Amino acid sequence: MYLRKTFKYAMAAVLVGLITLSPVTNAIVAATGESQEELAEKARQERVAKEREEFVAEATSPVNKTVAGVKSDVDGYYMAKKVQGVALKPTTPESGAFVKVMDADVKKSTAAYAVAQSAAQGLGGTVGPCINVYYGKMVGGVYTAGTDASAGAISIGIPANFRTEGAKYSVVAVYAGGASKVYDNVSTDPNVITVNVDAAQSPNVMYAVVKH
């Protein structure tokens, strides 16, 4: 009984990296036929697999790709947190279309933010939450960047801290290289902005919500 408990606790500690193996524990581990390095690698792989499962579960959660009850027609990873959901409705649905949607980071997208701010100033408005959308396809488990299925309607849930009664909203699309285009809101829901965008000029587009 004592040996079984010792083995159980020693193995648990090894797997989470809490202890280094003592000579006695080394003898116990040796009985399993796996080295310390093999056990550590197995623990690492299990941790990575768990983290990936958690990421996929969150990124594919319906709440992240649903806006005012409208669910996105495009599969993908929806990770934007600064907006109340993102839903894509392509004009021409494409088999295998896959997107990656996430919050735009001003530190990593400095140039794109500058373009959006310039466009917002031209409208007499201010830039709110921004998202990066990476368009592409998933075929046989392999993701390839592309602009298929990028034309159509994009709905973005406006966060409460950026809503102003009676305000107008637009979206500034900023493409790779600095080209941009302003799209007007066609939604009648004050909590949602919906714009009909043209085919993207690059696989990666930053969409900035502007209030004016």
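Start with the whole chain: of the contacts in the protein with a separation of 6 or more, 61% are between residues 24 or more positions apart. Contact here means heavy atoms within 4.5 Å. This is a predicted model, where local features need pLDDT of at least 70 and side-chain atom pairs count only at pLDDT 80 or more, while totals for chains, interfaces and linings use all residues. Residues are numbered from 1 along each chain as its sequence is written, and side-chain values use heavy atoms, with hydrogens and water left out.

**Whole view**

Switch to cartoon. You have 4 helices and 12 strands. Both are DSSP runs, numbered from the N terminus: helices are H or I with at least four residues, strands are E with at least two. Now show the surface. The protein exposes about 11900 Å², and carbon and sulfur atoms supply 55% of that. Accessible areas come from the Shrake-Rupley method with a 1.4 Å probe; for residues, only the protein chains shown count as cover. Of the 212 residues, 39% count as buried. Buried means under 20% relative accessible area, exposed means over 50%, and partly exposed is in between (1.4 Å probe, protein chains only).

**Stop 1: Ala68 and Ala87**

Select Ala68. It sits in the loop between β1 (66–67) and β2 (70–71). Its phi is positive, about 50°, although it is not a glycine. Ala68 is exposed, at 57% relative accessible area.

Next, select Ala87 in strand β4 (residues 86–90). Ala87 is 19 residues from Ala68 in sequence, and their C-alpha atoms are 9.4 Å apart. Ala87 is buried, with a relative accessible area of 1%. Leaving aside neighbours within four places in sequence, the contacts of Ala87 include Val67, Val70, Ala153 and Ile154.

**Stop 2: Glu94 and Ala149**

Move to Glu94, in the loop between β4 and β5 (97–103). Glu94 is partly exposed, with a relative accessible area of 32%. Not counting residues up to four places away in sequence, Glu94 touches Lys137, Asp148 and Ala149. Show side chains: those of Glu94 and Lys137 are joined by a polar contact of 3.2 Å. A polar contact is a pair of N or O atoms within 3.5 Å; within protein, one must be able to donate a hydrogen and the other to accept it, and residues adjacent in sequence count only if both atoms are side-chain atoms. For a distance check, pick the C-alpha atoms of Glu94 and Asp73, which are 21 residues apart in sequence and 9.9 Å apart in space.

Now click Ala149. It lies in the loop between β7 (142–145) and β8 (152–157). Ala149 has a positive phi of about 65° although it is not a glycine. At 17% relative accessibility, Ala149 counts as buried.

**Stop 3: Ser202 and Ala176**

Select Ser202, in the loop between β11 (192–197) and β12 (204–211). Ser202 is buried, at 6% relative accessibility. Its side chain reaches the backbone nitrogen of Ala176 at 3.0 Å. A polar atom of the Ser202 side chain also lies 2.7 Å from the backbone oxygen of Asn204. Beyond neighbours within four places in sequence, Ser202 is in contact with Thr147, Tyr175 and Ala176.

Step across to Ala176, in the loop between β9 (169–175) and β10 (180–184). Ala176 is exposed, with a relative accessible area of 59%. Its contacts, leaving aside neighbours within four places in sequence, are Ser202 and Asn204.

**Stop 4: the second largest pocket**

Keep Ala176 selected and add Ser109, Ala112, Tyr175 and Asn204; these are among the residues that line the second largest pocket. A pocket is found on a 1 Å grid over the protein atoms alone: an open set of points where a 1.4 Å probe fits, with protein on both sides within 12 Å along at least five of seven lines; lining residues have an atom within 4 Å of a point. This pocket holds about 150 Å³. Grid points are joined across faces, edges and corners, and a volume is the space filled by probe spheres set on the points.

Which helix or strand supplies the largest share of the lining? It is α4, with 3 residues. The lining divides into 7 nonpolar, 5 polar and no charged residues. Ala, Val, Leu, Ile, Met, Phe, Trp, Tyr, Cys and Pro count as nonpolar, Asp, Glu, Lys and Arg as charged, and the others, Gly among them, as polar.

**Stop 5: the largest pocket**

Finish at the largest pocket, with a volume of about 190 Å³. Of its 18 lining residues, select the closest to the centre: Ala167, Lys168, Tyr169, Asn185 and Pro190. This lining has 5 nonpolar, 8 polar and 5 charged residues.
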